[in-house]
Amino acid sequence: MLGRIEELDLSKSMEKKEYKKELKQLQYEMLNIQQFLFKNKIGLILAFEGMDAAGKGGAIKRLTQRLDPRGLIVHPISAPQQHEKRYHYLQRFWRKLPQHGQIGIFDRSWYGRVLVERIEGFATTDEWKRAYEEINSFEKTLTDESYILLKFWIHIDKDEQLKRFHDRLNDPYKQWKLTEEDWRNRDKFDDYTKCANEMFAKTHHKHAPWVVIPGNNKQYARIKVLRETITFVKEELNRRGLPIDENMISLDGDQNQEQE
């Protein structure tokens with residue numbers, strides 16, 4: 001059973017030295033997994049949700065930093081375009097699925113139907129209530145075939161969110177990350193927490209689980225995302241009778257340093 005957001009220990013942290021050392025090792029392990037998935041024609045789908053400024057983009061960047069970009073695509077999901085509204089809301093996500101053997105990452109996802117669309121009134125009560133069953137069927141269809149699916153919710157508290165908003169506001173290179181919509185969403189922080197808890201209860205399944213990540217410390221959250229991804233993919237491969245080759249790609253000669 002997945003716990004509620006209110007039970008999350010947001011004090012968890014990691015020292016920068018430990019973070020840099022573990023990050024490099026995990027990134028190479030992730031590269032090894034990518035190559036294994038490609039050879040065995042298994043697609044990996046990762047969905048990221050969470051509060052604004054929780055660190056989804058930073059976690060995705062570190063997760064993908066050493067991967068082969070030819071086998072990877074990241075989809076930043078925003079409001080549907082006008083032409084997309086002529087279709088069932090899941091249609092635009094079907095079109096974005098990775099090929100077998102590739103990795104597809106969704107920065108926001110189909111869960112917008114039971115989060116922002118529910119809270120802002122863009123979906124009717126009947127539509128968002130019906131969406132839980134539709135989403136569960138969608139995900140089961142994928143995981144019954146040649147896909148592995150894992151979903152992340154990265155969470156921060158209100159004080160940390162406000163701090164990050166002001167950091168963005170005062171940094172000319174980060175101001176583009178902050179929008180009026182972010183400030184409006186902040187007023188509904190508790191509504192998003194309530195809806196997320198209900199979402200976990202109705203859509204957390206063994207074949208497509210949620211992982212809730214404490215995000216107040218960025219280093220901890222990034223490492224936790226990598227660890228959980230690697231662990232779950234290995235478990236799924238073993239379940240399918242495809243134990244992964246543990247011979248890691250060499251770290252020698254790579255002197256790239258992690259940047260803030």
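A residue is termed buried when its relative accessible area is under 20%, and exposed when that area is over 50%. By this criterion, 50% of the 260 residues of the chain are buried. The model on display is a predicted one.

**The whole chain**

Begin with the complete chain in a cartoon representation. It contains 9 helices and 5 strands, arranged along the sequence as α-β-α-β-α-β-α-α-β-α-α-α-β-α. The radius of gyration is 18 Å, close to the 18 Å that the globule rule gives for 260 residues, so the chain is as compact as a globular protein of that length. Along the principal axes, the C-alpha atoms fill a box of roughly 50 × 45 × 35 Å.

Switch next to a surface representation. The accessible surface amounts to about 13,800 Å², and 48% of this belongs to carbon and sulfur atoms. Among contacts with a separation of 6 or more, 83% join residues 24 or more positions apart.

**Strand β5**

Select residues 210–214, which form strand β5. Here 5 of the 5 residues are buried, so the strand is largely enclosed by the rest of the structure. In a regular strand, side chains alternate between the two faces of the sheet. Display the side chains of β5: W210, V212 and P214 point one way, whereas V211 and I213 point the other way.

Now add residues 147–155, strand β4, which pairs with β5 in the parallel sense over 5 bridges. To find a point of reference between the two strands, select W153 and its bridge partner in β5, V212.

**The aromatic residues**

Keep W210 in view and select Y111. How far apart are the ring centres of Y111 and W210? The centres are 4.8 Å apart and the planes stand at 65°; since an angle over 60 degrees counts as edge-to-face, the pair is of that kind. Y111 belongs to the loop between β3 (103–107) and α4 (116–120), while W210 is in β5, so the pair ties together parts that are 99 residues apart in sequence. Both rings belong to buried residues: the relative accessible area of Y111 is 0%, and that of W210 is 2%.

Extend the selection to F93, W94, F106, W110, F138, W153 and F200, which together with Y111 and W210 form one aromatic cluster. W153, already visited as the bridge partner of V212, is thus a member of this cluster. A search of the whole structure finds 12 aromatic pairs.

**Charges over rings**

Move to F38 and K41. The charged end of K41 sits over the ring of F38, 4.2 Å from the ring centre. K41 is placed in the loop between α1 (16–39) and β1 (43–50) and is partly exposed, with a relative accessible area of 43%. For a second example, select Y132 and K202: K202 lies over the face of the Y132 ring, at 5.5 Å from its centre.

**Two backbone features**

Most residues other than glycine have a negative phi. Return to K41 and inspect the backbone: its phi is near 55°, a positive value. Finally, select R108. Which sign does the phi of R108 have? The angle is positive, at about 80°, although R108 is not a glycine. R108 lies in the loop between β3 and α4, the loop that also holds Y111. R108 is partly exposed, at 23% relative accessibility, whereas Y111 is buried.

Conventions: Residues numbered from 1 in each chain as written. Predicted model: local features only at pLDDT ≥ 70, side-chain atom pairs only at ≥ 80, totals over all residues. Heavy atoms only, no water. Phe/Tyr/Trp six-rings, centres within 6.5 Å; stacked < 30°, edge-to-face > 60°. Helix = DSSP H or I, 4+ residues; strand = E, 2+ residues; numbered from the N terminus. Buried < 20%, exposed > 50% of the residue type's maximum accessible area, 1.4 Å probe, protein only. Lys NZ or Arg CZ within 6 Å of the ring centre and 35° of its normal. Rg over C-alpha atoms; globule rule 2.2 N^0.38 Å. Contact = heavy atoms within 4.5 Å. Areas by Shrake-Rupley, 256 points an atom, 1.4 Å probe, with all protein chains shown as cover. Pairing = 2+ DSSP bridges.
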